[in-house]
Amino acid sequence: MNPILISISLLVMSNVFMTFAWYAHLKELNSAPWFVAAVISWLVAFLEYMFQVPANRIGYTVFSVGQLKIIQEVITLSIFIPFAVFYLKEPLKLDYLWAGLCMIGAAYFMFRDKIS
């Protein structure tokens, strides 16, 4: 299978777990002591790393480190916005659009040598 598709797929999976590890405790464990939330988040983050490490190792065969980082950030924003709106019930703000446009610009600069 294509290492680009494998890497991106694994990064998507990793970011789903990362988003839950970082933010789900705000809704689900808001009455628990912070250290309980930290331990549970750490356990979820372990799953994140089980996808992230192979994603970056495979991705590094076809991308630079900077390109991998920008791909990860674009995926993170793409997962975080629906998570914030639908799971945490945060309002959808125009700022997400502006952040996305900045990410498009960042992706352009990281990949422009491959585009031209």
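**Figure 1. Phe20 and its ring partner, Tyr87.** In this predicted model, Phe20 counts as partly exposed, because its relative accessibility is 34% and the partly exposed class runs between 20% and 50%. Tyr87 is also partly exposed, with a relative accessible area of 21%. The rings of Phe20 and Tyr87 form an aromatic pair, with 5.3 Å from centre to centre. How are the two rings arranged, edge-to-face or stacked? They are edge-to-face, with 65° between the planes. Follow the chain and you will see that this pair links distant parts of it: Phe20 belongs to helix H1, Tyr87 belongs to helix H3, and 67 residues separate them. Tyr87 has another neighbour to look for, since Lys27 lies over the face of its ring, at 4.5 Å from the ring centre.

**Figure 2. A cluster of aromatic side chains.** Searching the whole structure turns up ten aromatic pairs. Which residues gather into one aromatic cluster? Look for Trp22, Tyr23, Phe80 and Tyr96. Tyr96 is a good residue to keep in mind, as Ile81 touches Tyr96 as well as Leu92, leaving aside residues up to four places away in sequence.

**Figure 3. Inside the largest nonpolar core.** Nine residues make up the largest nonpolar core. Have a look for Leu10, Leu11, Ala55, Phe63, Leu68, Ile71, Ile75, Ile79 and Phe111. Two elements, helix H1 (3–28) and helix H3 (65–87), each give two or more residues to this core. Which helix gives the most? That is H3, with four residues. A second, separate core has five residues, and Leu77, Ala84, Val85 and Tyr96 are among them. Such groups fit a broader pattern: in soluble globular proteins, nonpolar side chains tend to be buried together.

**Figure 4. Leu10 and Ser7, with their neighbours.** Leu10, one of the residues of the largest core, touches Phe51, Pro54, Ala55 and Ile58 when residues up to four places away in sequence are not counted. Ser7 is found in helix H1. Is Ser7 buried or exposed? Ser7 is buried, because its relative accessible area is 0% and buried means under 20%. What does Ser7 touch, not counting residues up to four places away in sequence? Its contacts are Ala55, Ile58, Gly59 and Leu68. Compare the two lists of neighbours: Ala55 and Ile58 appear in both.

**Figure 5. Ile81, a buried residue of helix H3.** Ile81 lies in helix H3. With a relative accessible area of 18%, Ile81 is buried, because buried means under 20%. How far is Ile81 from Tyr49 in space, C-alpha to C-alpha? The distance is 21 Å, and the two residues are 32 apart in sequence.

**Figure 6. A salt bridge along helix H3.** How many salt bridges does a search of the whole structure find? The search finds one. Here the side chains of Lys69 and Glu73 meet, at 2.9 Å from N to O. Both residues lie in helix H3, four residues apart, which is about one turn of the helix. Lys69 counts as partly exposed at 43% relative accessibility, and Glu73 counts as partly exposed at 24%. The general idea is a simple one: side chains of opposite charge can pair when their charged atoms come close.

**Figure 7. Ala38 in helix H2.** Ala38 is found in helix H2, which covers residues 34–59. With a relative accessible area of 34%, Ala38 is partly exposed. Ala38 and Met18 are 20 residues apart along the chain, and their C-alpha atoms are separated by 13 Å.

**Figure 8. Stepping back to the whole chain.** Now that you have seen the details, place them in the full picture. The chain has four helices and zero strands, and its elements run α-α-α-α from the N terminus on. Its C-alpha atoms fill a box of roughly 50 × 35 × 20 Å along the principal axes. Of the 116 residues in the chain, 29% are buried. The chain exposes about 7700 Å², and carbon and sulfur atoms supply 73% of that area. Among contacts between residues at least 6 apart in sequence, 78% join residues at least 24 apart.

Key: Residues are numbered from 1 along each chain as its sequence is written. This is a predicted model: local features need pLDDT of at least 70, side-chain atom pairs count only at pLDDT 80 or more; totals for chains, interfaces and linings use all residues. Side-chain values use heavy atoms; hydrogens and water are left out. A nonpolar core is a set of buried Ala, Val, Leu, Ile, Met, Phe, Trp, Tyr and Cys residues joined through side-chain atoms within 4.5 Å. Buried means under 20% relative accessible area, exposed over 50%, partly exposed in between (1.4 Å probe, protein chains only). Contact means heavy atoms within 4.5 Å. Rings of Phe, Tyr and Trp (its six-membered ring) pair if their centres lie within 6.5 Å; planes under 30 degrees apart count as stacked, over 60 as edge-to-face and the rest as tilted. A charge sits over a ring if NZ of Lys or CZ of Arg is within 6 Å of the ring centre and within 35 degrees of the ring normal. A salt bridge is a side-chain nitrogen of Lys or Arg within 4 Å of a carboxyl oxygen of Asp or Glu. Accessible areas come from the Shrake-Rupley method with a 1.4 Å probe; for residues, only the protein chains shown count as cover.
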